[in-house]
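Trainee: Could you take me slowly through a single part of this model, and then show me how that part sits among the chains?

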Amino acid sequence: MPILDADRLFPTEARSRALARGLYDSIKALPIVSPHGHTDPRWFAENLPFPDPAQLFVTPDHYVFRMLFSQGVPLENLGVPRADGGAAETDGRKIWRLFAENYYLLRGTPSSLWIDHAFAEVFGLRPRFDPHTADAFYDHISDCLARPEFRPRALFDRFNIEVIATTDGPLDDLCWHRMIRDSGWQGRVVTAYRPDAVVDPEFSGFAENLARLGALTGEDCSTWTGYLAAHVKRRAYFISFGATASDHGHPTARTENLSAPEAAALFDRVKTGRCCAEEADAFRGQMLTEMARMSLSDGLVLQIHPGSLRNHSGAMMARFGRDKGFDIPTRTDYVQALRPLLDAFGTDPRLSVIAFTLDETTLSRELAPLAGAYPALKLGPPWWFHDSPEGMRRFRENTTETAGFYNTVGFNDDTRAFCSIPARHDVARRVDCAYLADLVTSGRLAEDDAYEVAYDLTYRLVKKAYRL
Amino acid sequence: MPILDADRLFPTEARSRALARGLYDSIKALPIVSPHGHTDPRWFAENLPFPDPAQLFVTPDHYVFRMLFSQGVPLENLGVPRADGGAAETDGRKIWRLFAENYYLLRGTPSSLWIDHAFAEVFGLRPRFDPHTADAFYDHISDCLARPEFRPRALFDRFNIEVIATTDGPLDDLCWHRMIRDSGWQGRVVTAYRPDAVVDPEFSGFAENLARLGALTGEDCSTWTGYLAAHVKRRAYFISFGATASDHGHPTARTENLSAPEAAALFDRVKTGRCCAEEADAFRGQMLTEMARMSLSDGLVLQIHPGSLRNHSGAMMARFGRDKGFDIPTRTDYVQALRPLLDAFGTDPRLSVIAFTLDETTLSRELAPLAGAYPALKLGPPWWFHDSPEGMRRFRENTTETAGFYNTVGFNDDTRAFCSIPARHDVARRVDCAYLADLVTSGRLAEDDAYEVAYDLTYRLVKKAYRL
Amino acid sequence: MPILDADRLFPTEARSRALARGLYDSIKALPIVSPHGHTDPRWFAENLPFPDPAQLFVTPDHYVFRMLFSQGVPLENLGVPRADGGAAETDGRKIWRLFAENYYLLRGTPSSLWIDHAFAEVFGLRPRFDPHTADAFYDHISDCLARPEFRPRALFDRFNIEVIATTDGPLDDLCWHRMIRDSGWQGRVVTAYRPDAVVDPEFSGFAENLARLGALTGEDCSTWTGYLAAHVKRRAYFISFGATASDHGHPTARTENLSAPEAAALFDRVKTGRCCAEEADAFRGQMLTEMARMSLSDGLVLQIHPGSLRNHSGAMMARFGRDKGFDIPTRTDYVQALRPLLDAFGTDPRLSVIAFTLDETTLSRELAPLAGAYPALKLGPPWWFHDSPEGMRRFRENTTETAGFYNTVGFNDDTRAFCSIPARHDVARRVDCAYLADLVTSGRLAEDDAYEVAYDLTYRLVKKAYRL
């Protein structure tokens, strides 16, 4: 059996499978539009070779190293840097062999789909990856990475990426984006405005961040009006580097719609970063509504990514720092939480708010009913742990009947694993085509409509929703 | 491809499909028993022609107009009347064309199944409905509606409705039901007792409603005992017009079982309608238990429809009023909430309580375990947003293994869209047969048992549970 | 159609079905490893014949009698003993006939799969069980039970049980286990430490239980250190009878990690059993962390079974006592609840904590992300109402993509219905093979890997996780 089944993720029954294949064939070559992700703009600015295979596939991929860690493999041995100054493995080949020995742990996970796809399609490797082939894979990939056609810009072109968005902090000077722009390269790499560092009073260094925001913008960030003006300026700066969206990663989906004096008073209480948890939460909620208000002027799409309890393990946080696979989803409410923002602006079709969830129970109960009513609200694609065949299938099954297809916004790869981008989009396209095929064979959708919807889900909706 | 696939909603695999078809063929011609819905008794009383196609299919159907609104179509343009006196479109053909232009938004939704079914089966229209055929559809349906065989009573007979229940308020004089009864027409149209207006202290005009209830019944509704006696009388009045059930639409499933003095004291606090939210909620909860107690005497089945946050958008409420697609489901508890009522009466097999949910997570976790234990409790069919192929399938998959088939109560169409009634029952019958076929082909149910269960789910259980 | 379809629970489509059959054929004969259950060690100690068919299949099986009760059959008529001294049916044949008349109520439930399997495979009965065959079944099973090859030890061998764990209270002297050990019989029956009676301040007789624990161990259980020492001794005693695990059935998954002085102070407040609910809950939570700490020394695996509201019906509790089918699952949190324990010991790969859930929404949202990160945490198999084909399928679909297969621990039959043990393991094996087959046919898993995973899920993981 080839490592990649040409009909993977399609329905098993012959008629549905043939139909899914037909739908997929009609859209598989469409360009990738990646409106939300975490690639490093420096890659495209400098266009230097990627380092060794371990640093490409293992060390930065928290899906991979968390699974190995969960089975007792120390993160240090996978080259994950210590935050506390302890030693970590630096020998790429040693890390790679350890990865190969434990690759079986990823059976049945989307990571194995993505990695097998990258091995086969990006690096042309046809054997199975296992301890016996590990060295050969390492050598081959190392050789490839040294060649010009595997540099970031070349891969960008080969991956058929029409546009990709990075995610940058509000204090970032966007120097790499500037360097890309100045380079004359035609690849479209845009930024996105992710202001958590100056919006979340519980963010590390919040007060200092406000001071830097003030310095960057020339606004007085010790006042509410100055602080808001600073956001307006930074958003404009990000827009000048192609941004079409802001993004907000909050513990909850809470929004608030305070009067201006109330909001100013709340800002005064939180601006030092020394406020109670309730005040911090209320302030984050108020800022979502402020961002929606600014959107009506500058057109940035508002993305809300709530519901992750970050850095669940204090021990791991102390040893390795943030983002080491210990962000755990929590039960999330949207009905009450989004109401203040939606009451203020939700019926304005000029606004575009995209809500994501890690709590799949909210899809049929809350998010599809909300998005199927409010013109401003759209449903973000399945996120994080749910960016997977079963997760994507559940997303469609739980949202389509109430919100339809046209209140969704296409796919986000949401990744920093550059080589996995074609694989991730391919999985999404296949799962959507499989779903559409099943609708047709069960008499719920006309076949020609399915072709149109496949195109819309792959290409048209993402460009429309993200204004790309 | 014909607009209606004869095998729609059946499994794709040949053996399961053939079996599902066989099951469906055995029950498809059974009469419709509709124990819970929102048709207007006036239709059957006056038997006047339905107005134009737009008023039949678009303007009153919140599933349809909420979806179009969510994509930026103003409700006024769909003829939805303004509560604030503003203008709304009245030209049926204009509304109809706008509907046709946006009909693609309903792809993949049950609304498109229902509407296509009504076009084909009720009006004999075989082409696809789209902007090119919109005018021809409008003309044809308009012509039909002018003919006697499309009047309400004729359609009632043609739809093979054995009995249908309307839902009426406690202050309703049931004049249309009286007119039906006096007309000599043999169609069985019964009422149901929906006392929210005099049970929910937060209902608009609650205090005035109590006064009217007192006037109607000759009871002193300023006292707890008089108030209860008034309910007993109104229930008897509704029973005289065929009612076999009461229905209760509360924000939560909360029940209470206070002592008589405590309940009387609570009534004294809420009877003005000026009470706190907690008191209102407790009172609604107490009244569910009171209704159960009355059921033991008069036999009305108790339906509980909890968990919708009504009129989520203040702006839409102000502009268009209630029931405009902005009722959003919320997380709902049943385990603690139903306990007081079940502790009081739950083991009494003479009582029939039917619980519905908009929170599908409760099906396998709470409702199936409760209904699989308490003799008085049955599971209502998938409701509202979940009255759909996926919703119905999830309902069976999440309840059957714990509650079995015999603690469920058949299907409710729950609709005011008269022409969709055959379509909705047809969807339910097909989905149930598909589920049963899959049980048989996977060795979980004997084939002859499946035929018996199909009959029970379609016809026997609803008549038994609703005492029709 | 034979009563047991040889391909039951396999996918319907031919290619997947053939593959599932192949996988199943490769593992169906593996020995049963049953690390968690409720068989009575006395059966194996005394090896007396089981009593009549009704006492084997009906009276002790709460899955069966709760379903019949939910449809109005009095429990007394099924021979369920009254706690209040009232009369209950004792004529086995009468009970059996009532069971047969109502057997249709179990259609579509796992109970019917288990019972049909036991009838066919354990007792060789091929006809359908119904009122017409009831007497013949009764006579045949009665005859069998009188024969030596149907005694507990003979069935143990015939069922191919490699090892089975019972569940015993901390005050149990394990006399039956001693008798088994002293008998020279080679069957491996081990105990498990279930200390709820001396860990839960709300357990009936808690203060007296502490006193008995002190007497048994010679420790002063009026002090925190003495109480902990007593646990250490009892755990060692249980280990001497083969225990490899402890088990904890708490209302919530709450854990605490108090300092020693805080814990001692809390113990002083709860040790009388007269504490507030919050103190009781905190103490149970602290004891989970204490048990984890002891595990690091003595190696017992820690099982957590949270989220059941026990004895929901006060009326049934008064009439029939505990465990009569009225334990109802509730919404359960794991993210915050497990954090104190996981913060203390969760990254230690020497520890093995197995978490179960009755709230399936936590599988993809909380438990798979947690188990896919913490080395100490594993996912228990689908439990109780979810020990069913749909429940098992949902378990895999909701956990595999995030936690993989290797953070799961095989199957638990969790039963006191001895004759259902082969059936239950068979259902789990079939459902897992069906899931694996679908992964292969959809290109998500290599076929040879699927064979290896099937073996691991059936045999290797349970032995490893439970240290058997």
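Mentor: What follows is a close look at one helix of chain B, and then at the contacts and the symmetry around that helix. This is a predicted model, in which local features need pLDDT of at least 70 and side-chain atom pairs count only at pLDDT 80 or more, while totals for chains, interfaces and linings use all residues. Residues are numbered from 1 along each chain as its sequence is written, and chains are lettered from A and ligands numbered from 1 in the order in which they are written.

The part to look at is helix α4 of chain B, residues 62-70; helices here are DSSP runs of H or I with at least four residues, numbered from the N terminus. Of the 9 residues in α4(B), 8 are buried, where buried is the word for a residue that has 20 or more other C-beta atoms within 10 Å of its own, with C-beta atoms placed from the backbone. The buried residues are B:Tyr63, B:Val64, B:Phe65, B:Arg66, B:Met67, B:Leu68, B:Phe69 and B:Ser70. Just after α4(B) comes B:Gly72, which takes a positive phi of about 100 degrees.

What do these buried residues pack against? They pack against α6 (110-122) of chain B together with α17 of chain A, and so the view has to widen to the neighbouring chain. Across that boundary, 40 residues of chain A are in contact with 43 residues of chain B, two residues being in contact if their C-beta atoms, placed from the backbone, lie within 7 Å. On the side of chain A that touches chain B, α17(A) gives the most, with 7 residues, and the residues of that side divide into 15 nonpolar, 13 polar and 12 charged. In this division Ala, Val, Leu, Ile, Met, Phe, Trp, Tyr, Cys and Pro count as nonpolar, Asp, Glu, Lys and Arg as charged, and the others, Gly among them, as polar.

Chain B also touches chain C, in a contact that takes 40 residues from chain B and 41 residues from chain C. Here α17(B) gives the most to the side of chain B, again with 7 residues.

Finally, chain B can be laid on chain C with an RMSD of 0.0 Å by a turn of 120 degrees and a shift of 0.0 Å along the axis, the superposition being by least squares on the C-alpha atoms of residues with pLDDT of at least 70 in both. That is the relation of a three-fold axis.

Note on methods: Helices (H or I, at least four residues) and strands (E, at least two) are DSSP runs, numbered from the N terminus. A residue is buried if 20 or more other C-beta atoms lie within 10 Å of its own, exposed if 12 or fewer, and partly exposed in between; C-beta atoms are placed from the backbone.
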